[in-house]
Amino acid sequence: MNNNQPISLLHNARLPAWTLPSSWPQHAGGPVNADIHIADGRIQTVHPARVRQADGWDLNGALVLPGLIEPHAHLDKTFTFSRSRPSRPGLLAAIETLQQDRRYWTAQDLHQRAARAVSWAAANGVNHLRTHIDWYDAAVPPAWQALANMSHPDCTFERVALVPLGLFASPKSAEDIARRVAQSGSCCLLGAFVHSSNWDEAAMTNLLSCAARWRLDLDLHIDEELTSGAIGLRWLANYLSTHAFPGHICCSHGCALSASPYSLAQDILSVLAAHRVTLIALPMTNLLLQDAVAGRTPRARGITLIKEAQSAGIPVLLGCDNVQDAFCPMGSYDPLDTLTCALFTAQLDSPFDRQSRLICDRHALSGSSRAGSPLSAGEEANLVIFPGSDSHTWPLRSATRQVIRAGKFISQRIWSEEVRSDA
């Protein structure tokens with residue numbers, strides 16, 4: 001298959017159960033393979049595989065996913081670990097370290113690091129990436145402007161203004177920040193860092209009010225701690241119970257839910273589900289930062305209540321969060337690595353047929369009211385093929401992949417098989 005060659009039919013594809021209707025026929029405990037018809041870069045039909053047609057690309061049962069998404073990244077911070085390493089473990093120490101690293105954030109530095117990150121993500125099959133950008137005072141930060149024109153032929157972007165909650169304490173400051181974010185374009189969201197160390201009810205009220213007034217969606221870093229006394233999500237649930245919010249809200253992190261009394265966590269999740277709030281879990285960074293004490297194995301898992309949120313009907317996604325910076329010295333911009341981490345941390349079952357949704361569901365990220373899966377008729381034909389993988393080993397041993405963007409084959413990664421030293 002040649003790059004940029006239009007594709008009209010993918011034959012004999014193994015799709016995950018969550019993308020298919022409940023009436024889809026089954027075989028040997030899983031969905032029968034599918035034929036995907038594509039026209040003008042969009043999905044035309046998906047139906048059970050038939051006899052191979054001459055003009056089709058026979059996948060021979062290879063696993064196929066909708067295009068991957070990266071719902072939570074930090075392009076402004078990425079690849080800074082080599083020059084800025086925290087002196088002690090934990091979230092607050094990482095924040096202090098990255099504040100010092102900003103002295104290096106020239107436009108050239110930001111573009112170079114961000115472009116490298118996006119090229120990694122796109123090669124892994126990511127076709128949409130949402131990045132948070134530190135917004136540390138009332139003025140528009142240089143990084144917000146420097147990354148405004150980030151582009152990649154195979155990946156679209158959103159920017160979130162990551163603002164310390166305290167900057168919303170002043171109604172005027174809150175209004176100014178919201179206005180500037182709104183004026184930055186339709187692919188921009190308002191965000192805040194909400195933590196016990198900076199809790200301010202008035203600031204939260206101003207944040208929600210300004211976001212509503214400027215018709216901005218929200219993506220909050222909220223309750224990123226293993227403290228039962230964290231108030232952020234509890235306050236947000238109470239607020240939404242009595243105030244209409246016109247946009248969509250994503251809550252990233254939410255680790256404190258796992259430290260809260262069970263009944264309280266269930267009440268919070270119930271309200272978030274009723275308002276279609278999306279929960280974004282960041283397992284890799286949170287496992288490193290939560291319950292982090294030098295020289296001691298952590299006793300608690302730094303993860304939010306993924307299973308309980310799924311059971312409550314909350315849209316749930318997984319993000320890489322920080323990659324090779326003071327918060328997380330590792331990372332690859334590969335959603336499969338993030339999912340693998342979550343599978344073992346949260347003990348999730350059915351990785352391909354159910355949990356692959358955690359890294360593919362674009363509708364969950366946007367709060368779109370559109371019904372159906374990313375493979376419904378009319379959806380853009382963005383797909384990732386995993387030749388050589390099977391539903392029992394995936395996402396392990398799945399580095400090899402072929403990427404389709406808008407109905408065209410754009411790239412592939414070939415992971416060589418093991419070769420004996422005497423071969």
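**A cavity between two domains**

The largest cavity of this predicted model is lined by Gly-67, Ala-122, Gly-125, Val-126, Asn-127, Asp-154, Leu-383, Val-384, Val-403, Ile-404, Arg-405 and Ile-410. Three strands each give two or more residues to this lining: E10 (126-134), E17 (383-386) and E18 (401-405). Strand E18 gives the most, with three residues. By residue type, the lining of the largest cavity divides into seven nonpolar, three polar and two charged. The volume of the largest cavity is about 50 Å³. In total, the structure holds three cavities of 30 Å³ or more.

The domain assignment places this cavity in context. The protein chain is assigned domain 1 (5-66 + 374-413) and domain 2 (68-366). Domain 1 is thus written as two segments, and domain 2 as one. The centres of the two domains, taken over C-alpha atoms, are separated by 30 Å. At the contact, domain 1 supplies 25 residues and domain 2 supplies 23 residues. Both domains also give residues to the lining of the largest cavity, so the cavity lies between them.

Thr-156 touches two of the lining residues, Asn-127 and Arg-405. Thr-156 belongs to strand E11 (residues 156-164). With a relative accessibility of 31%, Thr-156 counts as partly exposed, because the value falls between the 20% limit for buried and the 50% limit for exposed. Leaving aside residues up to four places away in sequence, the contacts of Thr-156 also include His-128, Leu-129 and Arg-362. Cys-187 is 31 residues from Thr-156 along the chain, and their C-alpha atoms are separated by 9.4 Å.

Pro-335 touches another lining residue, Val-126. Pro-335 is found in helix H10, which covers residues 335-345. Its relative accessibility is 2%, so Pro-335 counts as buried, the limit being under 20%. Leaving aside residues up to four places away in sequence, Pro-335 also touches Leu-68, Ile-69, Asn-124 and Ile-359. Ile-222 provides a reference point along the chain. Pro-335 and Ile-222 are 113 residues apart in sequence, and their C-alpha atoms are 22 Å apart in space.

Aromatic residues were examined next. The count comes to eight aromatic pairs. One of them joins Trp-135 and Trp-144, whose ring centres are 5.3 Å apart. The planes of these two rings meet at 65 degrees, so the pair is edge-to-face, a class that requires over 60 degrees. Trp-135 is buried, with a relative accessible area of 0%. Trp-144 also counts as buried, at 2% relative accessibility.

A stacked aromatic pair is formed by Trp-235 and Tyr-239. Their centres are 5.0 Å apart, with 25 degrees between the planes. The angle is under 30 degrees, and therefore the pair counts as stacked. Both residues lie in helix H6 (residues 232-242). Trp-235 and Tyr-239 are four residues apart in this helix, so about one helical turn separates them. Trp-235 is buried, and Tyr-239 is buried too. Elsewhere, Phe-79, Trp-120 and Tyr-333 form one aromatic cluster.

How values were computed
Residues are numbered from 1 along each chain as its sequence is written. This is a predicted model: local features need pLDDT of at least 70, side-chain atom pairs count only at pLDDT 80 or more; totals for chains, interfaces and linings use all residues. Side-chain values use heavy atoms; hydrogens and water are left out. On a 1 Å grid over the protein atoms alone, a cavity is a set of points where a 1.4 Å probe fits but cannot get out, and a pocket is an open set with protein on both sides within 12 Å along at least five of seven lines; lining residues have an atom within 4 Å of a point. Grid points are joined across faces, edges and corners, and a volume is the space filled by probe spheres set on the points. Ala, Val, Leu, Ile, Met, Phe, Trp, Tyr, Cys and Pro count as nonpolar, Asp, Glu, Lys and Arg as charged, and the others, Gly among them, as polar. Domain bounds come from an automatic or database domain assignment. Buried means under 20% relative accessible area, exposed over 50%, partly exposed in between (1.4 Å probe, protein chains only). Contact means heavy atoms within 4.5 Å. Rings of Phe, Tyr and Trp (its six-membered ring) pair if their centres lie within 6.5 Å; planes under 30 degrees apart count as stacked, over 60 as edge-to-face and the rest as tilted.
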